[in-house]
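Here is a quick walk through the fold, from one loop residue out to the sheets and the helix pair. Keep the structure open as you read.

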Amino acid sequence: MKLASRLRRIRTRTWIIAGVAAVVVVGGGSTWAVLAATASSAQASAPTVSTSVAAALETLEKTIDTSGTLAPTVQENVDFAVSGTVTGVNVVAGTTVAAGDVLATVDTLTVNAEALSAQATLAKAQATLAAAEEDDDGSDESAAQIAADEAAVAVAQADADEATAAIADATLVAPVAGLVTAVNLEVGDVVSGSSSSGSGSSGATGSTGGSTSSTTTSTSQFTIVSTDSWQVSLSVGETDVANVAVGDQVELSTDDGTAFFGTVSEVGLLPSTTSGAATYPVTVAVTGSPEGLYDGISVTASIVYERRTDVLTVPSAAVTTDADGASTVTVVADDGTETVTTVTVGETSGTLVEITEGLAEGDLVKVETFTPGSGNSGTDGSTEQGGTGQFPGGGELPEGFDPSQMGGGQGGFPGGTGGTTGGN
């Protein structure tokens, strides 16, 4: 991951940035000296273009760039909590369900029997308590017996309530909405708690039929994943994680260019060092329900940890900074009068620099840009409009110089066939 700063324009201003610099590195110290001197000479003789650019307000963002993996927010493993024989399976893998939809049912013989037994135990405990209360003679012994019987009734009541609720659990419903991705259950299987056994190959998704032998598996009977709620798991380096906070906006995109957004929902406290460097897990909740997202795809992310609006900026080419660190710009008045003005600069982002003092929005500043290859004369009087095997400005190649080693234009420095500029 890497730390990035960038400016986003909130007011459109028309200005020109011109200037192209081409650097070619070749082997040999003497060759480098010749090329550097020639390039400097060509640049010195090249014309400049002046333009006026208005100081404009921008939005400044600081981001941490990283990558991660997309996954559904909801992935539920659903199993029967009661014992019994499966009497119905209502869904197959690929079925979309809503919360509360019936997935499967088991027979209620076992749970009914358990409920009746619990009710009988409760009735007996209540009768014992009633007898103790009737025989109460005010002694400590009678009080202790009554307290014990009351506790027994409370326990029996809880067991009876649980047994009654288990009858409802004989119908397994979807706890969340989503897509059923696995069904490991068949009619006739015998379930006990969260494990199942039966005549079918219940460990296979969407199985039908199977052997007659009974098998047991720890595989969940149903798996449901969300189709409209997603999250992204990211890794952030230890030097950057201090800048990340829950609620930070995150700009996301997939390899195919699909762009979407999210917010940081969790920042892990414990690092991982499996990659050789300490990184911290960061979870991002995707905003809304973007289309075209799939479980497990790679995602690039820019975590916006700082955003400043209405930042006054000018092109960095408009600012001159001397050896003492003082910065100036040339302000252009409406009548064309130019005034060198001292300014205080802030952060730089790309081709723009922040101005904290010395300018106001809309002030015009002068920008001079170097324009190579615009037709100025070379040493032999020719122009810089391309040539074959020549230096910028038109001079002939030095005797013994092998231009084929340059790797740029065909047989020459910049401006040869396939190069950029040069003389004829």
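A residue counts as buried under 20% relative accessible area, exposed over 50% and partly exposed in between, using a 1.4 Å probe and protein chains only.

## A loop residue to start with

By that yardstick A242 is exposed, because its relative accessible area is 69%. You'll find A242 in the loop between β14 (230-237) and β15 (249-254). Its C-alpha lies 10.0 Å from that of Y305, and the two are 63 residues apart in sequence.

## What you're looking at

This is a predicted model, where local features need pLDDT of at least 70, side-chain atom pairs count only at pLDDT 80 or more, and totals for chains, interfaces and linings use all residues. Numbering starts from 1 along each chain as its sequence is written, and side-chain values use heavy atoms, with hydrogens and water left out.

The protein chain has three helices and 23 strands; these are DSSP runs numbered from the N terminus, with helices (H or I) of at least four residues and strands (E) of at least two. Of its 424 residues, 37% count as buried. Take the contacts (heavy atoms within 4.5 Å) with a separation of 6 or more: 69% of them come from residues 24 or more positions apart.

## The strands

Two strands pair if DSSP finds at least two bridges between them. One open sheet has four strands in the order β4-β13-β9-β6, with antiparallel pairing. β4 (75-78) and β6 (96-97) stand at the edges with a single partner strand each, so one side of each has no neighbour in the sheet. β4 pairs with β13 (residues 222-225) over four bridges, and V78 has F222 as its bridge partner in β13.

Now look at β5 (residues 84-89). It pairs in the antiparallel sense with β10 (residues 190-192) over two bridges, where G84 is partnered by V191. β5 also pairs with β7 (residues 102-106), again antiparallel, over three bridges; here V86 is matched with V106.

## The helix pair

Helix α2 (residues 109-134) packs on helix α3 (residues 140-169) at about 160°, with their axes 8 Å apart. Axes are lines fitted to C-alpha atoms, for helices over the stretch in contact, and angles run from 0 to 180 degrees between N-to-C directions. The two helices are therefore roughly antiparallel, a label for angles over 145 degrees.

Key. Angles under 35 degrees count as roughly parallel, over 145 as roughly antiparallel, 65 to 115 as roughly perpendicular and the rest as oblique.
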